[in-house]
Amino acid sequence: MSGADPWAEAFAARHRLRIRYETPLPGRVPAYKYDDEHGPVVVLDSALPPERQHFSLAHETAHVLLDHGDEIAPEEELAANRLAGELLLPDPLFSEHTHLPLRELKAEFPHASFEVIARRRLAFAPGVLTIVDDMRLTRRLVADDFAAPPRPVPAEWRLIERCFRERADLDDSGEGIRLHGTYVDEGRGVIRVLLVTEEA
Ligand SMILES: [Zn+2]
């Protein structure tokens, strides 16, 4: 009942686990894993977009690699998310591309979502990632060792609004910062702008 997903199959084979597909999953989780006599099995929700499935697969794989038990502590979830990003976008392949704009990075790593790519990029290119969905602030992540206010400053909002209005990726700079906005409409009913703020 699943569509063939060569990326997921290759990833699973590399990490010696198997994939099963269901939808919806019990408890509305995006994925879960169990062990049978042949080893770990990751169950994915076939109704989710492929990038979401891939992140869930990498996240469950991270739990296996980190030897987490059935009761998962909050800090173990964070560790699994971090490792999932590294498994999806491995170094040094990824870090060789982090000078590229987000849209070109996405073309280079199509199996991962814009958000996963942008979050991972923060580890290599210090700055701020602001994610706005339908003109509402969803997330603002500040890289370690980077100083930024918790809410977007007026210049950031102006570029975000222009991206929504012009439905385009846009740049701006000034006052020691450089801004790059990426406009994402994947036909799923939500329009997203990811704004990267870096030192000029
Ligand atoms: Zn987890």
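Here are four short exercises on the chain above, each with a worked solution.

Before you start, note that residues are numbered from 1 along each chain as its sequence is written. The model is predicted, with local features needing pLDDT of at least 70 and side-chain atom pairs counting only at pLDDT 80 or more, while totals for chains, interfaces and linings use all residues.

**Exercise 1. Work out how many helices and strands the chain has, and how its radius of gyration fits the globule rule.**

Step 1. Count the elements: there are six helices and eight strands. Helices are DSSP runs of H or I with at least four residues, strands are runs of E with at least two, and both are numbered from the N terminus.

Step 2. Put them in sequence order, which gives α-β-β-β-α-α-α-α-β-β-α-β-β-β.

Step 3. Apply the rule, 2.2 Å times the number of residues to the power 0.38, with the radius taken over C-alpha atoms. For 200 residues a compact globule would come near 16 Å, and the chain's 18 Å agrees. The C-alpha trace spans about 60 × 35 × 30 Å along its principal axes.

**Exercise 2. Describe the open sheet that contains β1, and find which helix lies across it.**

Step 1. Order the strands: the sheet reads β1-β3-β2, with mixed pairing. Two strands pair if DSSP finds at least two bridges between them.

Step 2. Find the edges, which are β1 (18–22) and β2 (31–36), each pairing on one side only.

Step 3. Look at one pair: β1 and β3 (residues 39–45) run parallel and share five bridges. One of the pairings matches R18 with V41 in β3.

Step 4. Add the helix: α2 lies across β1, β2 and β3, at about 155° to β3. Axes here are lines fitted to C-alpha atoms, for helices over the stretch in contact, and angles run from 0 to 180 degrees between N-to-C directions.

**Exercise 3. Characterise the packing of α2 with α3, then place S113.**

Step 1. Take the geometry: α2 (residues 50–65) and α3 (residues 74–88) pack at about 115°, with axes 8 Å apart.

Step 2. List the partners. Residues of α2 including F55, A58 and L65 meet residues of α3, among them A80, L83 and L87. A contact means that C-beta atoms, placed from the backbone, lie within 7 Å.

Step 3. Locate S113, which sits in the loop between α4 (102–108) and α5 (114–122). S113 counts as buried because it has 21 C-beta neighbours inside 10 Å. The scale calls a residue buried at 20 or more other C-beta atoms within 10 Å, exposed at 12 or fewer, and partly exposed in between.

Step 4. Return to α2: leaving aside neighbours within four places in sequence, S113 is in contact with E51 and F55.

**Exercise 4. Trace the antiparallel strands from β6 to β8 and find the positive phi in each hairpin.**

Step 1. Start with β6 (residues 170–174), which is antiparallel to β7 (residues 177–185) and joined to it by five bridges. S173 has R178 of β7 as its bridge partner.

Step 2. Check the turn: two residues separate β6 and β7, and E175 has a positive phi of about 50°.

Step 3. Move on to β8 (residues 191–199), which runs antiparallel to β7 with nine bridges between them. In this pair L179 is matched with T197 in β8.

Step 4. Finish at the second hairpin, where five residues lie between β7 and β8 and G187 takes a positive phi near 70°.

Note on methods
Contact = placed C-beta atoms within 7 Å.
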